[in-house]
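I sat down with a new structure today and kept short notes as I went. Here is what I was looking at.

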Amino acid sequence: MVDKEQAPDEKLKRERAGTYRTADGRFTVEQTSSGWLVMDAEQTDELGLALARGPFTTIDAARAAIAAARTGPAPTSAVREAPQRKATPTPASAAKTTTATPRRPPRAAPPRPAREVVIREMRTVDGDALRALWRDAGFGSLGDDDRSLARLARRNPGLVLVAADGSRVVGSALGAWDGRRGWIYHVVTAPSHRRRGIATKLIDQIETALVSLGCPKANVMIRPDSDEGAEFWTARGYAVSTSRQFGKELETR
Ligand SMILES: CC(C)(COP(=O)(O)OP(=O)(O)OC[C@H]1O[C@@H](n2cnc3c(N)ncnc32)[C@H](O)[C@@H]1OP(=O)(O)O)[C@@H](O)C(=O)NCCC(=O)NCCS
C-alpha cells in the first residue's frame, strides 16, 4: 500500500503504521516521538550504525531529505533523536527541510489503531530510551553508553535487539557471540507491556541467530533477587549454572 501523503518524486511504500521504505530499499522513514527519521542503509554514522537523518516535522520533509541525500554530499555526523529545534540536519537536508516545512498549527491526533510491537535491531538513536528502560528496571552497567552499544551492535549483527511499540522502545535484549558461547544481556520489557510475549520474541530471535552462527550454548546472568527473571528463563528452558562468576573492571582508554 502506498501512503496518501507521498510526493511524486520519491515513492514511499508503507511497511506498517508509521514505517515506510523507498522502492530501492535504501531509505526507511520512521515516525518517532520527536518526528520523522530517515534511516539510510547505505551510510553509517560515526558509531558505525545505519545513518539517521532528522527528525523532520512532516513525512514530506523526510522525503525531501531523501532526495537531498541522493544528490547531495555524504553527511559525516550522526543525528541524535532530539526535539526538532535541537536537531543538526545535514547541509543538504537543512536547506530543504527548514524551508520546506512552514510551521502549521498542530493538528488533532487521529485515533490510534492497535499497534503491533515490532522487534528490530538497535540503532544509535535508541540509546537514551534504552537507558531509561533499563534504569526503571534497576539495570545499569558498564557498556551502556552509545559508543559501547554501537560497538556491540557492529560486532553482533542481528543480535542486539529492541522491541518498539510505534515510536516507543518497550523492550530490549542484547545478544552477543564470542565464538564459543552466546551471551544475552539487559533483557527488559517495560512494565506496561509485560506478559505479552515480548521478551519471548526477543529471545527467540536471538537464539535463532545464535544457532545459525553455530553457537552451542547461550548464557545469561541475572540478579540473585530477580524472581521474575528466574521464572522467565526457567520457562524458556534455561537452567541455573553452578559456576560462580568473577569479574574485574579493566582500564580502557
Ligand atoms: C523478565 C521479563 C523480561 C519478562 O518479560 P515479558 O515480556 O513480560 O515476558 P514474556 O511475556 O515473554 O513471558 C514469557 C513467559 O515467562 C514467564 N514469566 C515472565 N514473567 C514472569 C513473572 N513475572 N512471573 C512468573 N513467570 C513469568 C511466564 O512463563 C511467561 O509466559 P506466560 O505469560 O504465558 O505465563 C520482564 O518481567 C522484565 O523486564 N523484568 C525486569 C527485568 C528482569 O528481571 N529481566 C530478566 C533478567 S535479565
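My entries below go through one helix and then a few backbone oddities.

**Ground rules.** I am working with a predicted model, where local features need pLDDT of at least 70, side-chain atom pairs count only at pLDDT 80 or more, and totals for chains, interfaces and linings use all residues. Residues are numbered from 1 along each chain as its sequence is written.

**Helix α3.** I looked up α3, residues 127–136 (helices, H or I of at least four residues, and strands, E of at least two, are DSSP runs numbered from the N terminus). I found G127, L130 and L133 buried there. Buried means that 20 or more other C-beta atoms, placed from the backbone, lie within 10 Å of the residue's own; exposed means 12 or fewer, and partly exposed is in between. The three buried residues sit on the same side of α3, because they cover an arc of only 130° around the axis (the arc is that of the directions from the helix axis to the C-beta atoms). On the other side I noted A132, R135 and D136 as exposed. After α3 comes G138, with a positive phi near 80°.

**Cis peptide.** I spotted a cis peptide bond between G54 and P55, with omega about 5°. P55 belongs to strand β5, residues 50–56.

**Positive phi.** Which non-glycine residue has phi of about 50°? I got H186, which is in strand β9. H186 counts as partly exposed because it has 19 C-beta neighbours inside 10 Å. I also logged R195, not a glycine either, with phi near 60°. R195 is in the loop between β9 and α5 (198–213) and is exposed, with 8 other C-beta atoms within 10 Å.
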